[in-house]
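Reader: Please take me through this structure. I would like a reason for each label you use.

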Amino acid sequence: MELGWLLWGAAVLLLLHVLMELSPAVNFVLRIGFYYLLFVVCSVLTAPVCLLVNGGRTVKNMKIIKTVVKTFKYFFGLRFEVKGLENFKVEGPAIIVSNHQSILDMMGLMEVLPDDCVQVAKRELMYTGTVGLIIYLGGVIFINRKSTTSAKMVMADVAKTMTADNVKVWVYPEGTRNCTGDLLPFKKGAFHLAVQAQVPVIPVVYSSFTTFYNPKKNLFTSGKIKVEVLPPIETKGLTSDDVSDLTDRCFCTMRETLFRLSGRPS
């Protein structure tokens, strides 16, 4: 009986392998499915560890989560080439902004995430079962993107927490995923926050995923991701009147870096 189950299992695995080789759509669905499964399984196993070690919701849990998620790249044949980590070593709080391409960004985030750094994310993620639980335990700040008033109130609280707890805050200024190989216009919330708290902005740029990941083409293969942490942009002395210029300056610098890392002309 056991031999029979082993033979059936081997046959199923062989069939899946053949289908993945023959059909990009099957390959894409299976790899994405496995990616989600990894998150569910690891969140179930990691949540109790976070509770036992740190007692509940705290940014300290991100060290545990980071250690686990950093292993995911080996399952998908992804390699990271990182430069500029020394730019995270600013004294005191900071706003970190990066481009937002796909669901794979979580792997890229955890590859370079500095200590004492919390992320700002959409509130819907809090209701994704055990994955939402582990995100909550990691201290992620949730925003209701459909309510401008609510988002502004949350960001005001973030400014207070950031300075009081001496933490960095990671924001995706595009506001949504964008897998086009370019940047969407930046929303100004993160830059208002930086000016309000008088803390530096640290841009982080990931090269385009389009050579190995493209949902529209059912493409998901192995690949290399270049990551560059750019020098901090100071905001001391800036006022709300300077936010638009700060946003534009950061956008242009990050867009130029994105094109350079991706090997395409600016």
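What follows is a set of short questions and answers on the labels used for this structure.

Author: This is a predicted model, in which local features need pLDDT of at least 70, side-chain atom pairs count only at pLDDT 80 or more, and totals for chains, interfaces and linings use all residues. Residues are numbered from 1 along each chain as its sequence is written, and side-chain values use heavy atoms, with hydrogens and water left out.

Reader: What makes a stretch a helix or a strand here?

Author: Both are DSSP runs, numbered from the N terminus: helices are H or I with at least four residues, strands are E with at least two. Helix 2 covers residues 24-54. It has 31 residues.

Reader: How do you know that the span of helix 2 is close to the expected one?

Author: The expected span is 1.5 Å times one less than the number of residues. For helix 2 that gives 45 Å, and the first and last C-alpha atoms are 43 Å apart.

Reader: Where does helix 2 bend?

Author: At Ser 43, by about 30 degrees. The bend is the angle between axes fitted to the seven residues ending there and the seven starting there. Just after helix 2 comes Gly 55, with a positive phi near 80 degrees.

Reader: What does the UniProt entry say about a "transmembrane region"?

Author: The unreviewed entry places that annotation on residues 34-53 and 125-143. UniProt positions are in the numbering used here, feature names are shortened, and annotations may be inferred rather than shown by experiment. In the model, residues 34-53 are 100% helix and 0% strand, with end C-alpha atoms 28 Å apart. Residues 125-143 are 47% helix and 16% strand, and their end C-alpha atoms are 10 Å apart.

Reader: Why is Leu 37 called partly exposed?

Author: Buried means under 20% relative accessible area, exposed means over 50%, and partly exposed lies in between (1.4 Å probe, protein chains only). Leu 37 has 48% relative accessibility, so it counts as partly exposed. Leu 37 is found in helix 2. Buried residues of helix 2 include Phe 28, Tyr 35, Phe 39 and Ser 43.

Reader: Which residues make the nonpolar surface patch?

Author: Phe 34, Leu 37, Val 40, Val 41, Val 44, Leu 45 and Phe 75 make a patch of about 620 Å². Patch residues have over 30% relative accessible area and no salt bridge; like charges are joined within 9 Å, and nonpolar side chains (Val, Leu, Ile, Met, Phe, Trp, Tyr) within 5 Å. Areas come from the Shrake-Rupley method with a 1.4 Å probe, and for residues only the protein chains shown count as cover. Helix 2 gives the most, with six residues.

Reader: What makes Lys 224 and Glu 81 a salt bridge?

Author: A salt bridge needs a side-chain nitrogen of Lys or Arg within 4 Å of a carboxyl oxygen of Asp or Glu. The N to O distance for Lys 224 and Glu 81 is 3.4 Å, and they meet the rule. The pair links distant parts of the chain: Lys 224 is in strand 9, Glu 81 in strand 1, and they are 143 residues apart. Side chains of opposite charge can pair when their charged atoms come close.

Reader: How many salt bridges does this rule give?

Author: The count comes to four. One of them joins Arg 255 to Asp 182, with the closest N and O atoms 2.8 Å apart. Arg 255 is in helix 9, and Asp 182 is in the loop between strand 5 and helix 8.

Reader: Is Glu 228 buried or exposed?

Author: Its relative accessible area is 15%, so Glu 228 is buried. Glu 228 forms a salt bridge with Arg 260, with closest N and O atoms 3.1 Å apart. This pair links strand 9 to helix 9. Arg 260 has a relative accessible area of 48%, so Arg 260 is partly exposed.

Reader: What is the phi of Gln 198?

Author: Near 55 degrees, a positive value in a residue other than glycine. Gln 198 lies in the loop between helix 8 and strand 6. At 30% relative accessibility, Gln 198 counts as partly exposed. Before it, helix 8 has buried residues including Phe 191, Leu 193 and Val 195.

Reader: Where is Asn 166?

Author: Asn 166 is in the loop between helix 7 and strand 5. It has a positive phi of about 60 degrees although it is not a glycine. Its relative accessible area is 44%, so Asn 166 is partly exposed.
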